[in-house]
Amino acid sequence: MTDLLITLTQHEADSNNVTIAFTMGNEALAKGHSAEIVLLSHAVALAQKNYDEKIDIGAPFKPLSELLPAFLKAGGQLKVCKACMIHNGVKEEDLISESIIITAPDVIDLLMKSKKSLQLN
């Protein structure tokens, strides 16, 4: 059971929500909470190698190329919807190694078991 589950459906088309998701995930981890980010719909693209270099909304926020590695290094988990990957043409071999591929039933279980959730769509 995770303390904070963040679901995200956007990629660079909504860089603000992407940045907010990873900023909040990092803040939760810094406060000693567990955090997971679930990438759904277009957001599955974010798990691809080097994709994080596309997103930087500027100060006061950090670029995703800093936020994503910091999130993973601090113990955050990045979960990626398999059906969304297939639908959006994202291949497993293109994902960063820390990605955890999950299914729709897994998403429901994560939502129902998390202490708190934040949806950024």
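Helices (DSSP runs of H or I, at least four residues) and strands (runs of E, at least two) are numbered from the N terminus. This is a predicted model, in which local features need pLDDT of at least 70, side-chain atom pairs count only at pLDDT 80 or more, and totals for chains, interfaces and linings use all residues. Residues are numbered from 1 along each chain as its sequence is written, and side-chain values use heavy atoms, with hydrogens and water left out.

**Figure 1. The whole chain, with four helices and five strands.**
Let us start with the overall picture. Following the sequence, you meet the elements in the pattern β-α-β-α-β-α-β-α-β. The C-alpha trace spans about 35 × 30 × 25 Å along its principal axes. The radius of gyration is 13 Å, which agrees with the value near 14 Å for a compact globule of 121 residues; here the radius is taken over C-alpha atoms, and the globule rule is 2.2 Å times the number of residues to the power 0.38. Of the 121 residues, 48% are buried, where buried means under 20% relative accessible area, exposed over 50%, and partly exposed in between (1.4 Å probe, protein chains only). Contact means heavy atoms within 4.5 Å. Among contacts with a separation of 6 or more, 73% link residues 24 or more positions apart.

**Figure 2. Helix α1 and what covers it.**
Helix α1 runs over residues 15–30. Its 16 residues should span 22 Å at 1.5 Å a residue, and its end C-alpha atoms are 22 Å apart, which agrees; the expected span is 1.5 Å times one less than the number of residues. Buried residues of α1 include Val18, Phe22, Ala28 and Leu29. Ser15, Asn17 and Thr19 are also among the buried residues of the helix. The cover over the buried residues of α1 includes strands β1 (4–8), β2 (35–39), β3 (77–81) and β5 (116–120), together with helix α2 (64–73). After α1 comes Gly32, with a positive phi near 90 degrees.

**Figure 3. Thr7 in strand β1.**
Here the view moves to a strand residue. Thr7 is buried, with a relative accessible area of 6%. Leaving aside neighbours within four places in sequence, Thr7 is in contact with Val38, Leu40, Leu111, Leu118, Gln119 and Leu120.

**Figure 4. Gln10 in the loop between β1 and α1.**
Is Gln10 buried or exposed? Gln10 is buried, with a relative accessible area of 18%. Apart from neighbours within four places in sequence, the residues in contact with Gln10 are Val18, His42, Ala43, Leu46 and Asn121.

**Figure 5. Leu46 in the loop between β2 and α2.**
Leu46 counts as buried, at 1% relative accessibility. Setting aside neighbours within four places in sequence, its contacts include Leu8, Gln10, His11, Val18 and Phe22. Leu39, Tyr51, Ile55, Leu64 and Leu68 are also among the contacts of Leu46. Thr23 lies 23 residues from Leu46 along the chain, and their C-alpha atoms are separated by 15 Å.

**Figure 6. Backbone details in the loop between β2 and α2, including Ser41.**
Ser41 is not a glycine, yet its phi is positive, about 55 degrees. Ser41 is partly exposed, with a relative accessible area of 29%. Asn50 is found in the loop between β2 and α2, and its phi is near 70 degrees, a positive value in a residue other than glycine. Asn50 is exposed, with a relative accessible area of 54%. Pro60, too, is found in the loop between β2 and α2. A cis peptide bond, with omega of about 10 degrees, joins Ala59 and Pro60.

**Figure 7. Lys91 in the loop between α3 (82–87) and β4 (99–102).**
This last view turns to a lysine. Lys91 is partly exposed, with a relative accessible area of 47%. Lys91 and Val44 are 47 residues apart along the chain, and their C-alpha atoms are separated by 10.0 Å.
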